[in-house]
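Biologist: Before we begin, I should like to go through this model with you by question and answer. Please show the sequence and the structure.

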Amino acid sequence: MENKKYKTVLIGTGRIGFLLGFDKKREQPASHTMALLKNKKIELCAGCDTDLERLKIWQKYVKSHGSEGLVFESGSELYKNIKKIDIAVVAVNESAHLEECIRAIEARPRLVILEKPVALNSFEAQKIADCAEKNKVPVMVNHERRFDKNYALAMQWMEKIGEIQKVEAELDSGLRIYAKEFEKDGTYSLLHDGTHLVDIVRFLCGTELEKPVVTGVFKDEKKIVRNFCAHYNFCKSEKFGDVPEICIKMSGRSKFFEFRIEILGTEGKICIGNGIADFYLRKQSKLYTGFYSLEKQKVRLPKKTQYFSGMVENAVGFLDGKMLLLSPLKEAIEDLKVLEEIKEKL
Ligand SMILES: NC(=O)c1ccc[n+]([C@@H]2O[C@H](COP(=O)([O-])OP(=O)(O)OC[C@H]3O[C@@H](n4cnc5c(N)ncnc54)[C@H](O)[C@@H]3O)[C@@H](O)[C@H]2O)c1
C-alpha cells in the first residue's frame, strides 16, 4: 500500500475548496485543492460545484497541474461516475454540510474530510455521525489548528509553565456573534469562527467545557449579540490537572480580526494565535532584587505552520495505517455542543 495514490474528490470549489490558494498573503497551501495537489500520495481526480463558472476555472487549474480534472454539477452525479474513492472532501457552505456529507459517506469512501463546523447544529451533526457509523466511514473535520506546527510547539511549552492557572481565549472580528435568524445558514461568528476557538482550547488543555457562566453580553440595536465572555470553572484535564478558569471571549464589532489564546501557568505563560507564538518563563527580575518576572524566550518557530498540508498528511497517514485522526468527527461535535450551551445563555 506504500506507493498507492489515494483517489480523492472535492465537493465545493469555493474559497476554502480552491480560491484561498491564490491569496498571496496566506501561508500556502491555503485551500483543499492546492494542499491535495501538493501531496504526492493524493490523486485529485474530480471536483464538483453547483457554480459552473467556478467549476470551469477549477478544472482548468487542476488539469494544468496534472489532475484528470473531471467535473460534475452535483455530488450525486459525481458519485454515480466515480467509484472506489479513497477520500471525499466536503467543502460546501455550512447549510449544505448535512446533505453533502451524508451523500459523501453513503458513497463509501475510506475517509471523508469535512469542513468546519460539522453542521448547522448538533442535531444535524449527530445525523452525520450516525450515518458515518452505519456505513463505517471515518470523518475528520478541518479544525486546522490541530495540524499547525506552532500549536504543536505550544503543546510542548505547556509542559514547562508549571500548573495552569487560567486560560483566556479571544476572537475579535466584525461578524455578528449570534441572533436566531442566522441559524438557518450558520452565518454568525459564534458558529463560524467560535468552532475554531473552542476546538483549539479543548485540544490544547484536554478539558471539556461545560456549564459556562456567561457575562458581558452586548447586543446592538437590532438585538444581535456582539460581545460575550463565557467563564468555565475548574475544568478537569487528565494531562494538566484541574484548570481553575477558562474564559472564551468573542467580539463581533471589532474593526480587525484577532484570534489568540493566553495560557498562564505558575512558572510561565504562552500566547498563541494568528500571527502570535510567544513563550515566557520566570527568570530573576532585571528590575527588582529577589523577584522573578516573566521573560519572553527566544524560540525557533517552524518556517511554515503547515496547517493545511499537515491536515492532508494526517489523512494520508491515517489511510496508510500510520496515524490516528487528529481531528475526528466526535471532537468537532463536542465543540458544537459547547457553542450551543453558550448560545442558550446569550
Ligand atoms: N477551515 C477554515 O479555516 C475555513 C475557512 C473558510 C471556510 N471554511 C468553511 O468551508 C466551508 C465553505 O466555505 P467557503 O468560504 O469556501 O464558502 P464559498 O461560498 O466560497 O464556497 C462554497 C462552495 O460550495 C459550493 N456549493 C454549495 N452547495 C453545494 C452543493 N450542494 N454541491 C456542490 N457545491 C456546492 C458553492 O457554489 C461554492 O462554490 C464552510 O463550511 C466554511 O465554514 C473553513
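**Strands, core and ligand shell**

Modeller: In this predicted model, strand β12 (residues 268-273) and strand β13 (residues 276-284) run antiparallel and are joined by 6 bridges.

Biologist: Which residue takes a positive phi in the hairpin of β12 and β13?

Modeller: The hairpin of β12 and β13 has 2 residues between the strands. Within β13, Asp-278 is the bridge partner of Cys-271. The positive phi, near 80°, belongs to Gly-275.

Biologist: Which residue in β14 stands opposite Leu-281?

Modeller: β13 also pairs with strand β14 (residues 292-296), in the antiparallel sense and over 5 bridges. Opposite Leu-281, β14 places Glu-295.

Biologist: How many residues of strand β2 are buried?

Modeller: Strand β2 (residues 42-48) pairs with strand β1 (residues 6-11) in the parallel sense over 6 bridges. In this pairing, Lys-7 stands opposite Glu-43. Strand β2 is mostly covered, and of its 7 residues the buried ones number 5.

Biologist: Where does the largest nonpolar core lie with respect to domain 1 and domain 2?

Modeller: This core has 95 residues, and those touching the most other members are Ile-11, Ala-88, Val-90, Val-112 and Val-201. Residues come to the core from domain 1 (6-143 + 308-327) and also from domain 2 (149-303), so its place is between them.

Biologist: Which residues does Ile-11 touch, not counting those up to four places away in sequence?

Modeller: Ile-11 is among the core residues that touch the most other members. With close sequence neighbours left out, the residues touched by Ile-11 are Cys-48, Gly-75, Ala-88, Val-89, Val-90, Ala-91, Val-92, Glu-100 and Ala-104.

Biologist: Is Glu-245 buried, exposed or partly exposed?

Modeller: Glu-245 is placed in strand β10 (residues 243-251). Beyond four places in sequence, Glu-245 is in contact with Lys-166, His-231 and Asn-233. A buried residue needs 20 or more C-beta neighbours within 10 Å, and an exposed one has 12 or fewer. Glu-245 has 15 inside 10 Å and therefore counts as partly exposed.

Biologist: How far apart in space are Glu-245 and Ala-154?

Modeller: In sequence, Glu-245 and Ala-154 are separated by 91 residues. From C-alpha to C-alpha, the separation in space is 19 Å.

Biologist: Which residues come nearest to the ligand?

Modeller: The shell around the ligand divides into 6 nonpolar, 9 polar and 9 charged residues. Of the 24 residues around the ligand, the nearest are Gly-12, Gly-14, Arg-15, Asp-51 and Glu-115.

Key: Residues are numbered from 1 along each chain as its sequence is written. This is a predicted model: local features need pLDDT of at least 70, side-chain atom pairs count only at pLDDT 80 or more; totals for chains, interfaces and linings use all residues. A residue is near a molecule or strand if its C-beta atom, placed from the backbone, lies within 6 Å of it. Ala, Val, Leu, Ile, Met, Phe, Trp, Tyr, Cys and Pro count as nonpolar, Asp, Glu, Lys and Arg as charged, and the others, Gly among them, as polar. A nonpolar core is a set of buried Ala, Val, Leu, Ile, Met, Phe, Trp, Tyr and Cys residues joined through C-beta atoms within 7 Å. Domain bounds come from an automatic or database domain assignment. Two residues are in contact if their C-beta atoms, placed from the backbone, lie within 7 Å. Helices (H or I, at least four residues) and strands (E, at least two) are DSSP runs, numbered from the N terminus. Two strands pair if DSSP finds at least two bridges between them.
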